[in-house]
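Reader: Hi! I have a structure open and would love to talk it through with you. Could you walk me around it?

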Amino acid sequence: MEHTTQVAPEILEAFGLRPQGAATALTSGHINDTFLVEDEGKWILQRINHFVFPSPQDIMENITGVTEFLRAKIAARGGDPDRGTLTIRKTAGGSSLFIDSTGEFWRCMTYVDGASSHETVESTAMLREAGRAFGEFQSLLCDYPADTLHETIVDFHNTPVRFAQLREAAEKNAAGRLSQVEAEMAFAAQREADGSLLMDLLREGKLPLRVTHNDTKMSNVLMDNETGKAVCVIDLDTVMPGLTAFDFGDSIRAGASTAAEDEADLSKVHFDLDLFAAYTEGFLSAAGDALTPLELQTLPDGARLMTLEVGIRFLADYLNGDVYFRTAYPEHNLVRARNQFQLVREMEEKRAGMDAIIQRYL
Ligand code: GN1
Ligand code: MG
């Protein structure tokens, strides 16, 4: 799906916005197109990628349900729900979605002022805050009616299915790139047998299904510009029933690395146990009491498998010709895949260290 760099007047009008200046494109996400619009307040306008999310309506139903639920809980605790969760702005007709004249889906929400999203970890304190925010998100949603949530992307964190998709991409070899990725295909294949660990435990009823965020990179937590405290968890498109290990693991993948997800120089890419410890401390302080012994034991598996999984997804997208993730140059998805596989390798080596840290913060 082509990305857009503009917001047409009909979209502003639909949401009743009369901005003075042009909308600013915010380009950090890989999937949706996001714009900041200023009129009397600041607003986020987002075009939903309907190639990735087949039913934007389902997403908005999930988000409306979850944010209203969070709003009530945050208010009940004496917090500020306008900053603690997203607020959806509806169209004049009362809808949370606007379909423009070209058939594209748009939504609008408040911009949380005085808080920012950070792509890279600037301090261990920041990571600890991210851990606390996602731990709290999960615990606030522990009694959310999970059966009312739509599965916005089916099998999103089903690692065996991701392996099957990689195999399919290799068979099709749509972009003619298969011969360049032999080493990466072998790396993945060696790990396929073990890739079903979490899904097996879920199927056997040994791990509980919870309401999870499923895209828990640190940049999906807004941090207060003054205090550095976590303010609000954003990007709720993939809130679905899932495993604690998914959320914990995806955060570690993104937050406990010494380099960006697309750093091409692998000598800079390491899995750092101090960063792991900081996140773990924050996460367990907010969610630890509610977790079962097996959930705690499988948190490091979540880290390893979420990292492996997204590496496989980047690799499959490279083979498919970059149809899913936003890329800035032709090798971008391959660079990302190699980067993630390097982290997987180090997570395998440092497993005992992760286990010890989890014990320390219990
Ligand atoms: C995508 O678009 P963004 O940056 O929120 C992807 C995640 C990946 C992430 C990798 C819906 O998230 O699963 O972990 O890229 N989201 C979807 O950076 O596929
Ligand atoms: Mg996302």
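Author: Happy to. This is a predicted model. Let's start with strand β3, residues 42–48, where six of the seven residues are buried.

Reader: Which strands does β3 pair with, and in which sense?

Author: Strand β2, residues 33–38, pairs with β3 in the antiparallel sense over six bridges. On another side of the story, β3 is joined to strand β6, residues 105–110, by six bridges, and that pair also runs antiparallel.

Reader: Can you give me a residue pair to click on for each?

Author: Sure. For β2 and β3, take V37, which stands opposite W43. For β3 and β6, Q46 has R107 as its bridge partner.

Reader: And how many residues sit between β2 and β3?

Author: Three residues lie between β2 and β3, and the two strands form a hairpin.

Reader: Nice. Now the metal: which residues are the protein donors of the magnesium ion?

Author: The magnesium ion, ligand 2, has D215 and D235 as its protein donors, each through an OD atom, at 1.9 to 2.0 Å. D215 sits in the loop between β8 (210–212) and β9, while D235 sits in the loop between β10 and β11 (240–242), so the pair ties together parts that are 20 residues apart in sequence.

Reader: Are those two aspartates buried or exposed?

Author: D215 is buried, at 18% relative accessible area. D235 has 24% relative accessibility, so that residue counts as partly exposed.

Reader: What about the backbone at D235?

Author: D235 has a positive phi, near 60°, in a residue other than glycine. D155 is another non-glycine residue with a positive phi near 60°. D155 lies in the loop between α4 and α5 (159–172), and counts as partly exposed because its relative accessibility is 30%.

Reader: You mentioned β9 and β10. How do they pair?

Author: β9, residues 221–224, and β10, residues 230–233, are antiparallel and share three bridges. M223 has A230 in β10 as its bridge partner. There are five residues between the two strands of this hairpin, and G228 has a positive phi near 75°.

Reader: Switching to ligand 1: which residues come nearest?

Author: Of the 16 residues around ligand 1, the nearest are D215, K217, E261, R313 and Y324. D215 is also one of the magnesium donors.

Reader: What polar contacts does ligand 1 make?

Author: Among them is one to K217, where a side-chain N or O atom is 2.4 Å from an oxygen of ligand 1. For Y324, a side-chain N or O atom is 2.5 Å from a ligand 1 oxygen. There is a backbone one as well: a polar backbone atom of I31 is 3.3 Å from an oxygen of ligand 1.

Reader: E261 was in your list. What does it do elsewhere in the fold?

Author: E261 is among the residues touched by N339, along with A260, D262, E263, L266 and V269, leaving out residues up to four places away in sequence. The backbone oxygen of E261 lies 3.1 Å from a polar side-chain atom of N339, and the backbone oxygen of A260 lies 2.8 Å from a polar atom of that side chain.

Reader: Where is N339, and is it buried or exposed?

Author: N339 is in helix α12, residues 332–349. N339 is buried, with 0% relative accessible area.

Reader: Let's do a helix. How long is α9?

Author: α9 covers residues 273–287, which is 15 residues, and spans 20 Å from first C-alpha to last, close to the 21 Å expected at 1.5 Å a residue. At its N-terminal end D272 acts as a cap, with a side-chain oxygen 2.7 Å from the backbone nitrogen of D274.

Reader: Which residues of α9 are buried, and what covers them?

Author: The buried ones include L275, F276, Y279, F283 and L284. Their cover includes α4 (124–140), α8 (244–255), α10 (293–297), α11 (299–320) and α13 (351–360).

Reader: Anything in α11 I should click on?

Author: Try M306, which is found in α11. M306 counts as buried because its relative accessibility is 1%. Setting aside residues up to four places away in sequence, M306 touches H157, T159, A245, F246, G249, D250 and R253.

Reader: How far is M306 from W43, back where we began?

Author: M306 and W43 are 32 Å apart from C-alpha to C-alpha, and 263 residues apart in sequence.

How values were computed. Residues are numbered from 1 along each chain as its sequence is written. Chains are lettered from A and ligands numbered from 1 in the order in which they are written. This is a predicted model: local features need pLDDT of at least 70, side-chain atom pairs count only at pLDDT 80 or more; totals for chains, interfaces and linings use all residues. Side-chain values use heavy atoms; hydrogens and water are left out. Two strands pair if DSSP finds at least two bridges between them. Helices (H or I, at least four residues) and strands (E, at least two) are DSSP runs, numbered from the N terminus. Donors are N, O and S atoms within 2.8 Å of the metal (3.2 Å for Na, K and Ca); water is not among the atoms, so sites may look incomplete. Buried means under 20% relative accessible area, exposed over 50%, partly exposed in between (1.4 Å probe, protein chains only). The expected span of a helix is 1.5 Å times one less than its number of residues. Contact means heavy atoms within 4.5 Å. A polar contact is a pair of N or O atoms within 3.5 Å; within protein, one must be able to donate a hydrogen and the other to accept it, and residues adjacent in sequence count only if both atoms are side-chain atoms. A residue is near a molecule or strand if one of its heavy atoms lies within 4 Å of it.
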